[in-house]
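Biologist: Please take a close look at one part of this model, the packing of its interior, and go through it residue by residue.

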Amino acid sequence: AIPLFTTNLSFYVLYIWSTQNPMSPANVLGFQMKSYQLPFAYFVIAVLMRNPPWGMVHGIACGHVFCYLLDMVPLDNRAILRACLYWSMRK
């Protein structure tokens, strides 16, 4: 069976959205908060419900790396980064 990383993907997308729209209002279980707090609120709720946290941590970490590379790597070096990624994925 092929594993589906739904938790990882969900938290990846949620983290990216929350960093792109940090001041959007969000509502979790009746509590109002800003959207930059949303991934961590869901993380705390899931841990309190005794769900394994590793998929969520992995999704948040991948989202953070993506946002970091998107914001911090200059446009000149993105072509170099893409070439390195293409070279590393060749077989």
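Modeller: Helices and strands here are DSSP runs numbered from the N terminus, a helix being H or I over at least four residues and a strand E over at least two. The model is predicted, so local features need pLDDT of at least 70 and side-chain atom pairs count only at pLDDT 80 or more, while totals for chains, interfaces and linings use all residues. Numbering starts from 1 along each chain as its sequence is written, and side-chain values use heavy atoms, with hydrogens and water left out.

Start with helix 1, residues 6-20. Its 15 residues should span 21 Å at 1.5 Å a residue, and its end C-alpha atoms are 21 Å apart, which agrees; the expected span is 1.5 Å times one less than the number of residues. Asn8, Phe11, Leu14, Tyr15, Ile16 and Ser18 are the buried residues of helix 1, where buried means under 20% relative accessible area, exposed over 50%, and partly exposed in between (1.4 Å probe, protein chains only). These buried residues pack against helix 2 and helix 3 (54-72).

A nonpolar core is a set of buried Ala, Val, Leu, Ile, Met, Phe, Trp, Tyr and Cys residues joined through side-chain atoms within 4.5 Å. The largest has 6 residues: Leu14, Ala26, Val28, Met33, Leu38 and Ala41. Strand 1 (25-28) and helix 2 (38-48) are the elements that give two or more residues to this core. A separate core of 5 residues includes Phe11, Tyr15, Ala46 and Ile60. As background, nonpolar side chains in soluble globular proteins tend to be buried together.

Contact means heavy atoms within 4.5 Å. Setting aside residues up to four places away in sequence, Leu14 touches Leu38, Pro39 and Tyr42.

Phe43 belongs to helix 2 and, at 23% relative accessibility, counts as partly exposed. Beyond its neighbours within four places in sequence, Phe43 is in contact with Phe11, Pro53, Met56 and Val57. The C-alpha atoms of Phe43 and Pro53 are 7.3 Å apart, with the two residues 10 residues apart along the chain.

Ser35 sits in the loop between strand 2 (31-34) and helix 2. Ser35 counts as buried because its relative accessibility is 0%. Not counting residues up to four places away in sequence, Ser35 touches Trp17, Ser18, Asn21, Pro22, Met23, Ser24 and Ala26.
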